[in-house]
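Biologist: I would like to go through this structure with you, one step at a time. Shall we start once it is on the screen?

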Amino acid sequence: MKFKCRPVIRISAMERWKRIGRNLVHENRWFKLWANDYEVPEGKTVSPYYVIEEVDWVHVVALNEKEEVLTVRQFRPGREIVCLELPGGAIDAGEDPLLAAQRELEEETGYTAKNWELIFSPFANPARQTNRIHCFCATDLENTGVTHFDENEAIESEFVAIPELKLKCLNGEFPQSMHIGLLLMTLDKKGL
């Protein structure tokens, strides 16, 4: 199935909500949680409306010469499950997204790549989160054999053939919706 990317359509009649208050509820090294108060165009107030302020992320669709995708498997505390997903993570303060993608790929898998292409940078969830996900495609891979996990990470990596990975998307073995969308858009753009 081929997807056609369409330009963002701006609807000029759509009015923004007016933020009339803001309180910081919680802050840690990963995010800030804000309780915002809004006045909507009809004059009603929406309060509190919680917004998570996060840094941008990167995710990498790394393809080898056999057209297999390099995936990672790790525990995800939100649902308390082990997920098969794309390598990636948070962009450090002041870090270029490409450099973050290169760093995350090597840290999590031990692989580097000679060729990098930014596929697109969608919002994670603009209803509640402030950040974008920068999706890169990496090819011409080389295994350095050296990983550098964060203190709270335990990660396994493996190559999965594209048809098998698409089936894993459908049967819930590759369960993260953002990763599924990034993967499918990248494969579509690459004609795979």
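**One helix and one sheet**

Biologist: This is a predicted model. What covers the buried residues of α2?

Modeller: Several elements cover the buried residues of α2 (162–171). They include the strands β4 (57–63), β5 (68–76), β6 (81–85) and β10 (156–161). Also among them is the helix α3 (177–189).

Biologist: Why do the buried residues of α2 line one face of the helix?

Modeller: The buried residues are Ile162, Leu165, Lys168 and Cys169. An α-helix has 3.6 residues a turn, so residues three or four places apart point the same way. Seen down the axis of α2, its buried residues line one face because they fall within an arc of 110°.

Biologist: Which residues are exposed on the other side of α2?

Modeller: Exposed means over 50% relative accessible area. On the side of α2 away from the buried residues, those exposed are Pro163, Leu167 and Leu170.

Biologist: Which residue follows α2, and what is its phi?

Modeller: The residue after α2 is Gly172. Its phi is positive, near 90°.

Biologist: Now the open sheet of three strands. Which strands stand at the edges?

Modeller: The order is β1-β2-β3, with antiparallel pairing. An edge strand has a single partner, so one side of it is left without a neighbour in the sheet. The strands at the edges are β1 (18–27) and β3 (45–54).

Biologist: Which residue in β3 is the bridge partner of Ala35?

Modeller: Strand β2 (residues 31–39) pairs with β3 in the antiparallel sense, over eight bridges. The partner of Ala35 in β3 is Tyr50.

Technical notes:
Residues numbered from 1 in each chain as written. Predicted model: local features only at pLDDT ≥ 70, side-chain atom pairs only at ≥ 80, totals over all residues. Heavy atoms only, no water. Pairing = 2+ DSSP bridges. Helix = DSSP H or I, 4+ residues; strand = E, 2+ residues; numbered from the N terminus. Buried < 20%, exposed > 50% of the residue type's maximum accessible area, 1.4 Å probe, protein only. Arc of directions from axis to C-beta. Contact = heavy atoms within 4.5 Å.
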